[in-house]
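Biologist: Please take one part of this protein and go through it closely, in words a first-year student can follow. I would like the second largest pocket and its surroundings, and then how that part sits in the whole.

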Amino acid sequence: MTRRKTLSSVVVVAAAASMAACSSGSSGAGTGAGKPTSGGNLVMARADEATSLLPSVPTDNSSIWIIEEIYDTLTVPAPDGKGVQPSLASSWKQSADKLSWTFHLRKDAKFTNGRPVTSADVKFSIEQNQKKDAPFSFIDSIITRMDVPDAHTIVFHTAKAWAPLPSDMALYANSIVPKDYGGKSAQAFAKHPIGSGPFKFKSWTKGSSLKIVKNAGYWRKGTPRLDSVNFTVVPDSNTRSTQLASGQIQINEYPPSSSIKSLQKQPTLKVSTFPSSEVDYLGMNTKHAPLNDLNVRKAIRLAIDKDAILKSVYNGHGTVAGSYLSPTSWAHNASIKPTPFDLKAAKAALAKSSKPNGFTTTITIASGDQDASSEAQLVQSNLAKIGIKLKIKPLDPSAIVTAKHAGNYDMAFGLYTTDIVDPDEIARFAGTFTGGVHTVYTWFNNPQMNKLAASASSASDQATRKKAYDQMQQIIDQNVPYIPLFYVPGTYSYSTKVGGFHPGATGNYFLEKVWLSK
């Protein structure tokens, strides 16, 4: 869902669903690895460390993408983004009055402790995500009651007709855990989680690596192919590139854009981009003066030369953004165009503000992130031209997460992606104060956004829903709590020994399909 700024948080829906993975300087994702083989340990280096493996707790992609390998959900996003497919649920149906959904569970799924997955486990799992302190409780708040008529059937009763429910059940926060956490406290369970997914938890050395190993009893027969996957934490982007070139790692999650051309020249490496709903943005803490001034925020938006940043920092990988919803979604409002770079208009907006002569503020970036550093310097130069002095403040990645949650920052880069194919989740997550992280940590609160989101989710026809989502996007555009910067693809560099690596339309890695050639 979210991630700190590295390349540009997981990801397509309908409009881009038919796109195949695009490869830069290679013939296609994983094609160099030959025929699928079994065995081997895959090492994936990433800038960020997971924050929690308890499904109902985290909002960061570093946690989410591991959770999706350890646990199963009732449904799973289709790889092409066109709806959802069966997972732990083999079928589902909405009632005639539209106020309940019945899901039937497959009977061969077991947790890695050998116990079968039952409807009681499902009920308990959803109840955890309904708790008020769960960041994605808003997704399941529509559920008023759950019935478990037998071990393999669960009925969700909803407060009103709710079209997105099958998609909601694919959300990582709705991953299925054993009832009562298998007799453990939530804290104890999080340290050694048990799921029914293709991999099972092995070990976690905080600040260094997290290892998952093959679940030999996985219900999808023949998978996973790998013996294990080791996620290593390497904040410095140049170090990750060096490790890939030397063979220490097999996949570099989000390589720096500056390294792509050199990586493409190496015959043992591949660089591929995949369709994604990722939106990169510049967030502004609207609790902090003078960023609580709309004219200040408008001035900042007008003063940033997004085209220059895209070209010089990201080598053109992406598209300058307008609306806060990605164009890969049917809910995208194409009438909202990118704000043009206009210093004269920026100065005029600042002149109307509480700080007509400028002010000093800070932008927080992750230490070791080459792209974020370059981007911050360009923004710093842009804002200086209208009298805003921007100080760049590097922080350790984990410290940035803490600062954003506490609202202890002025400006910061970020990105978000969708985890489900329906726009309901991302429209609320990135647009509403109650959507998990206070409008992507900007603390912007507009009650009308909640009303529109509720209206869109309860409507049965897409045209009605689209009108509500269009209005939500207009409100964000008019109030500028953050600046959508770019729509970007997911970019990975990896060894030619890696086969079958093709992140799905909602960012799922589907590592059970990946193999390593000998």
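Modeller: What follows starts at the pocket, moves to the elements and residues around it, and ends with the whole chain. The model is a predicted one.

The second largest pocket holds about 340 Å³ of space. Its lining is made up of 23 residues, and those closest to its centre are Val 76, Tyr 218, Arg 220, Phe 510 and Glu 512. Two elements, H1 and S4, give two or more residues to this lining.

Take helix H1 to begin with. Helix H1 runs over residues 61–70 and is mostly covered, with 10 of its 10 residues buried. Among the buried residues of H1 are Asn 61, Trp 65, Glu 68 and Glu 69, along with Ile 64, Ile 66, Ile 67 and Ile 70. Ser 62 and Ser 63 are on that list of buried residues too. In an α-helix there are 3.6 residues to a turn, so residues three or four places apart point the same way. For H1, the burial takes in every residue of the helix, 10 of 10.

Ser 62 can serve as an example from this helix. Ser 62 is found in H1, and it counts as buried because its relative accessibility is 2%, where buried means under 20%. Ser 62 and Gln 266 are 204 residues apart in sequence, and their C-alpha atoms are 28 Å apart in space.

Strand S4 is the other element named for the lining. Strand S4 covers residues 75–77, and the loop between S4 and strand S5 (84–86) contains Pro 79. Pro 79 has a relative accessible area of 37%, so it is partly exposed, a class that lies between 20% and 50%. Pro 79 is 330 residues from Tyr 409 in sequence, and the C-alpha atoms of the two are 37 Å apart.

Now to Phe 510, one of the residues closest to the centre of the pocket. Phe 510 lies in the loop between strand S22 (498–499) and strand S23 (515–516). Its relative accessible area is 12%, which is under 20%, so Phe 510 counts as buried. The backbone at Phe 510 is also worth a note: phi is near 50°, a positive value in a residue other than glycine.

His 438 has a positive phi as well, near 50°, and is likewise a residue other than glycine. His 438 is found in helix H14, residues 438–441. His 438 counts as partly exposed because its relative accessibility is 25%, and the buried class ends at 20%.

Two peptide bonds can be added to these backbone details. Thr 223 and Pro 224 are joined by a cis peptide bond, with omega about -5°. Pro 224 is in the loop between strand S11 (209–214) and strand S12 (228–233). Ala 289 and Pro 290 are also joined by a cis peptide bond, here with omega about 0°. The loop that holds Pro 290 runs between strand S15 (279–284) and helix H8 (294–303).

Strand S15 contains Tyr 281. At a relative accessible area of 2%, Tyr 281 is buried. The C-alpha atoms of Tyr 281 and Ala 321 are 8.8 Å apart, with their positions 40 residues apart along the chain. Ala 331 sits in the loop between strand S16 (319–320) and helix H10 (343–351). The relative accessibility of Ala 331 is 0%, so Ala 331 counts as buried. Ala 331 and Arg 465 are 134 residues apart in sequence, while their C-alpha atoms are 8.0 Å apart in space.

Last comes the whole chain. The protein has 16 helices and 23 strands. Of its 518 residues, 59% count as buried. A compact globule with 518 residues would have a radius of gyration near 24 Å, and the 22 Å of this protein agrees with that. The C-alpha trace spans about 65 × 55 × 40 Å along its principal axes. The accessible surface comes to about 18800 Å², and carbon and sulfur atoms account for 52% of it. There are 56 positive and 39 negative side chains, and the centres of these two sets lie 2 Å apart.

How values were computed
Residues numbered from 1 in each chain as written. Predicted model: local features only at pLDDT ≥ 70, side-chain atom pairs only at ≥ 80, totals over all residues. Heavy atoms only, no water. Helix = DSSP H or I, 4+ residues; strand = E, 2+ residues; numbered from the N terminus. Buried < 20%, exposed > 50% of the residue type's maximum accessible area, 1.4 Å probe, protein only. Rg over C-alpha atoms; globule rule 2.2 N^0.38 Å. Areas by Shrake-Rupley, 256 points an atom, 1.4 Å probe, with all protein chains shown as cover. Lys, Arg positive; Asp, Glu negative; His and termini not counted. Charge placed at Lys NZ, Arg CZ, Asp CG, Glu CD. 1 Å grid on protein atoms, 1.4 Å probe; cavity = no way out; pocket = protein on both sides within 12 Å on 5 of 7 lines; lining within 4 Å. Points joined across faces, edges and corners; volume = space filled by probe spheres on them.
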